[in-house]
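These are my notebook entries on one structure. I went through the strands, the cysteines and the charged pairs in turn.

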Amino acid sequence: MAQDVAILDFGSGKISVLIGERGVNNTICINGKGECDYAGFGDGEWYEQDQLGYVIGHAIHNAETNSRTKISMLYVGVPGEFTTAVCRDVSMSLTKKRKVTEADVDALHEMGDVFKNNPDYTVINSQPIYYTLDDGGRLIQPVGLTGNKLHGHISYILAENRFISLIDAIMSNLGIESVEYVSSVLAEGLLLFDDVTRDQYVVMIDVGHITTSVALLRGDGILSLSSFSMGGGYITADLTEAFGISFTQAESLKRKVVLSLNVSENDVYEITEREQSKTFPAKMVNEIVMERIKLIASTIEKCLNNSQYEFPDYIPYNLTGGGLCYLKGARDYLSKRLAKPVEIAAPSLPQFNRPHLSSELGLLNMVLGQQAPAKKKGFFARLFGK
């Protein structure tokens, strides 16, 4: 029988709560949704932290009202800025040649978890990059295969304890009985890219409103993860400052921008507010937007250069999130600055194939995937860092 689950996603400009269940043909049915704009976060710190409890409560209340459901268990996505990825090589002897069991795989993940007494971080996800047996061949699922030794290159996603403590306190005050924490970036990667694609490496760039995450994925895990505070909202702020207009007007202006146009000195963008029109020099607007994208691109390059892992040059970069994907010509300009093909990544789900939905739908999809009776408890426990 299908069972509703509830997730909370911290976007960089909006909090979303989804209540949903698995539909036919592996689709997702959303039975309730609540949203609330908020100040967000930057450089690992909350803006207007004193308002965080209110906006979370508002989003939860809206979702409950919308679905006529009371949320008691909530899965909370931890944004990239509050997480880090650590990969470890772990090996164990099976004492004799025999078939690998789920218990063996659980024990391997447990052996590699050296973070239990870390005062600053808690493991929230544990996922394999690959496993190997005696012959050294790389596997994603070793259960049922025979060997003397089991080895794994395992990715541990750690969340900051101060994030967990803060959200735990807020949820307790809101009457939420149980909270589980999940990596938003991992959830996105598992939703957007199939097993075959991930086995060949994936570079995923989520540019949001005020924050960007850069992840290198392989297998079922994240090899490296970096985040920085810069996104589509910074472009809006640049336009606000340059032209002395309101943030709302600047957002309207940004939506008019087409970076692929070869604009002249006489070309203008026009916005209308309260039946009054304003025009702006298109060439200057485009230059301001491109300058900010240039900064985003250079920071993305630094993130990838800081990774200890190398990946093939032919691997394209995948852009998701709402910060740049909807800006006309931004993908091509970002590709030019990075000197790499850039592709837009969005959920391949009917009616939900929009890049800005990648994080929240990824969380819901991940949690629903582990609710199925066919899934082993051991895998569920590993996925959620149990």
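**Entry 1: strands 17 and 18**

I looked up what stands opposite N318, and found E343 in strand 18. This is a predicted model, so I read every value below as computed from it. Strand 17 and strand 18 run parallel and are paired over three bridges. I then followed the chain between them: strand 17, helix 9 (residues 330-338) and strand 18 make up a β-α-β unit, and its hand is right.

Next I checked whether the faces of strand 17 are covered or open. Both are covered. Y317 and L319 are buried on one side, and N318 and T320 are buried on the other. N318, the residue opposite E343, is thus listed among the buried ones.

**Entry 2: the sheet around strand 17**

I looked at the other neighbour of strand 17 as well. Strand 12 (residues 202-207) is joined to strand 17 (residues 317-320) by four bridges, and the two run parallel. I noted two positions in this pairing. V203 has Y317 as its bridge partner, and I205 stands opposite L319. Y317 and L319 are the two buried residues on one side of strand 17.

Which order do the strands of this sheet have? I wrote down 14-13-12-17-18, an open sheet of five strands with mixed pairing. At the edges I found strand 14 (221-228) and strand 18 (342-344), each of which pairs on one side only. On average, neighbouring strands here are turned by 25° against each other, with direction ignored.

I also checked what lies across this sheet. Helix 4 (residues 184-192) lies across strand 12, strand 13 (212-218), strand 14 and strand 17. The helix runs at about 120° to strand 12.

**Entry 3: strands 1, 2 and 3**

I moved to the start of the chain. Strand 1 (residues 5-10) and strand 2 (residues 14-22) run antiparallel and are joined by six bridges. They form a hairpin, with three residues between the strands. Within this pair, L8 has V17 of strand 2 as its bridge partner.

Strand 2 is also paired with strand 3 (residues 28-37), in the antiparallel sense and over nine bridges. These two strands form a hairpin too, with five residues between them. N25 sits in that turn and has a positive phi of about 55°. As one position in the pairing I noted E21, whose bridge partner in strand 3 is C29.

**Entry 4: cysteines**

C29 led me to ask about disulfides. How many disulfides does a search of the whole structure find? It finds zero. I looked at C325 in particular: the nearest cysteine sulfur belongs to C303 and is 17 Å away. A disulfide needs the two sulfur atoms within 2.5 Å, and C325 is in none.

I then checked whether two of the cysteines are buried or exposed. C325 has a relative accessibility of 16% and counts as buried, because the cut-off is under 20%. C36 has a relative accessible area of 11% and is buried.

**Entry 5: salt bridges**

I ran the search for salt bridges over the whole structure and got 17. I looked at three of them.

The side chains of E35 and K14 meet in one, at 3.6 Å from N to O. E35 is in strand 3 and K14 in strand 2, so this pair ties together parts that are 21 residues apart in sequence. Both residues are partly exposed: E35 has a relative accessible area of 33%, and K14 is at 31%.

E45 and R162 form another, with the closest N and O atoms 3.5 Å apart. E45 lies in strand 5 (residues 45-46) and R162 in helix 3 (residues 161-173), so here the tied parts are 117 residues apart in sequence. E45 is partly exposed at 43%, and R162 is partly exposed at 43%.

K70 and E64 are the third pair I took, with 3.7 Å from N to O. I asked which of these counts as exposed. K70 does, at 58% relative accessibility, whereas E64 is buried, at 14%.

Last, I checked for shared partners. K14, K33, E35 and E360 are joined into one network by such salt bridges.

Note on methods. Residues are numbered from 1 along each chain as its sequence is written. This is a predicted model: local features need pLDDT of at least 70, side-chain atom pairs count only at pLDDT 80 or more; totals for chains, interfaces and linings use all residues. Side-chain values use heavy atoms; hydrogens and water are left out. Buried means under 20% relative accessible area, exposed over 50%, partly exposed in between (1.4 Å probe, protein chains only). Two strands pair if DSSP finds at least two bridges between them. Axes are lines fitted to C-alpha atoms, for helices over the stretch in contact, and angles run from 0 to 180 degrees between N-to-C directions. Contact means heavy atoms within 4.5 Å. A crossover is right-handed if, with the strands pointing away from the viewer, the path from the first strand over the helix to the second runs clockwise. A salt bridge is a side-chain nitrogen of Lys or Arg within 4 Å of a carboxyl oxygen of Asp or Glu.
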